[in-house]
Amino acid sequence: MTTQEPGSADLADRVKQAHRAFPTGVTIVTGKAGEQPFGLAVNAFSSVSLSPPMVLVCINRASSSYPKFFQSQSFGVSILANDQQHVAMRFAKSGGDKFKGLAWHDGACGVPLITEAAAGFELEVVSMLMAGTHVIFIGKVLSAEVSGKAALLYSDGGFYDGAQLAPASQS
Ligand SMILES: Cc1cc2nc3c(=O)[nH]c(=O)nc-3n(C[C@H](O)[C@H](O)[C@H](O)COP(=O)(O)O)c2cc1C
C-alpha cells in the first residue's frame, strides 16, 4: 500500500485515483426555488439510517445549486436508470434550465423527481454539515418510489449498464 504526506500534491492525486476505484450509482439531487426546479448530478449519496429512514448527499459549495439547497427544507434524489446517461450529462453541466424538455414530475410531497429513474426519494432536510469544499445534507425520507429499472453505474470516470453485471468469482 502507498501513502503520502498529508497536504502533498501526490496525496491529492492519489486520493482522486482511489475514489475512481469505487463504483457508484448516479443520482440527480433536486429542489424547487418557487416554481422553478433545479438540480445537479451527484454520486456522493448514501443511505444513513433505516429507522427512521435517512440518506445523505454531498454538495459542492461552489456549485450554482448549493445556495438554493441551503435555503430549502426538502430535496429529491433520483437514482438514474441505465438508459439515462444523457440525464447525468445534462445535470453535470453548471447552470441553465436543465429541466427544459425533460420528463420530470412532482413526487407525492411536491419535490421534483426525474421520471423513469430506477428509484426516487423525497426528503426533509434534517442536518447540514460543513465538510471542506462540500456540505453534507442529511435528509429524512418522506416518500420513496421504485421503477424496477436497472441503475446507471459510474466507475473510473465512465458510465456502465447496471443490467449487465457479472457475478463475482467466489474464490
Ligand atoms: C458522475 C458525476 C458525479 C458527480 N457527483 C457530484 C457530487 O457528489 N457532488 C457535487 O457537488 N457535484 C458532483 N458532480 C458535479 C456536478 O454535477 C457539477 O459540478 C454540476 O455542474 C453542478 O451544477 P450546478 O453548478 O448547476 O449546480 C458530479 C458529476 C458527475 C458527472
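Which residue stands opposite Phe159 in β12? The tour below reaches that position after a short walk through a sheet of this predicted model.

**The open sheet.** Begin by selecting β1, β11 and β12, three strands that form an open sheet in the order β1-β11-β12, with antiparallel pairing. The edges of this sheet are β1 (24-25) and β12 (158-161), each of which pairs on one side only. Strands of a sheet pair through backbone hydrogen bonds, so the backbone atoms should be displayed here.

**From β1 to β11.** Select next β11, residues 152-155, which pairs with β1 in the antiparallel sense over two bridges. Within this pairing, highlight Gly25 and its bridge partner in β11, Leu153.

**From β11 to β12.** Proceed to the other pairing of β11, which joins β12 in the antiparallel sense over four bridges. Here the opening question is settled: the residue opposite Phe159 is Tyr154. Then select the hairpin of β11 and β12, where two residues lie between the strands. In this hairpin, Asp156 takes a positive phi near 50°.

**The ligand.** Finally, centre the view on the ligand and display the 19 residues that surround it. The closest are Ala44, Asn60, Ser63, Ser65 and Ser94. To see which elements contribute, colour β3 (36-42), β5 (53-60) and α3 (85-91); each supplies at least two residues of the shell. Colouring the shell by residue class gives eleven nonpolar residues, seven polar residues and one charged residue.

Key. Residues are numbered from 1 along each chain as its sequence is written. This is a predicted model: local features need pLDDT of at least 70, side-chain atom pairs count only at pLDDT 80 or more; totals for chains, interfaces and linings use all residues. A residue is near a molecule or strand if its C-beta atom, placed from the backbone, lies within 6 Å of it. Ala, Val, Leu, Ile, Met, Phe, Trp, Tyr, Cys and Pro count as nonpolar, Asp, Glu, Lys and Arg as charged, and the others, Gly among them, as polar. Two strands pair if DSSP finds at least two bridges between them.
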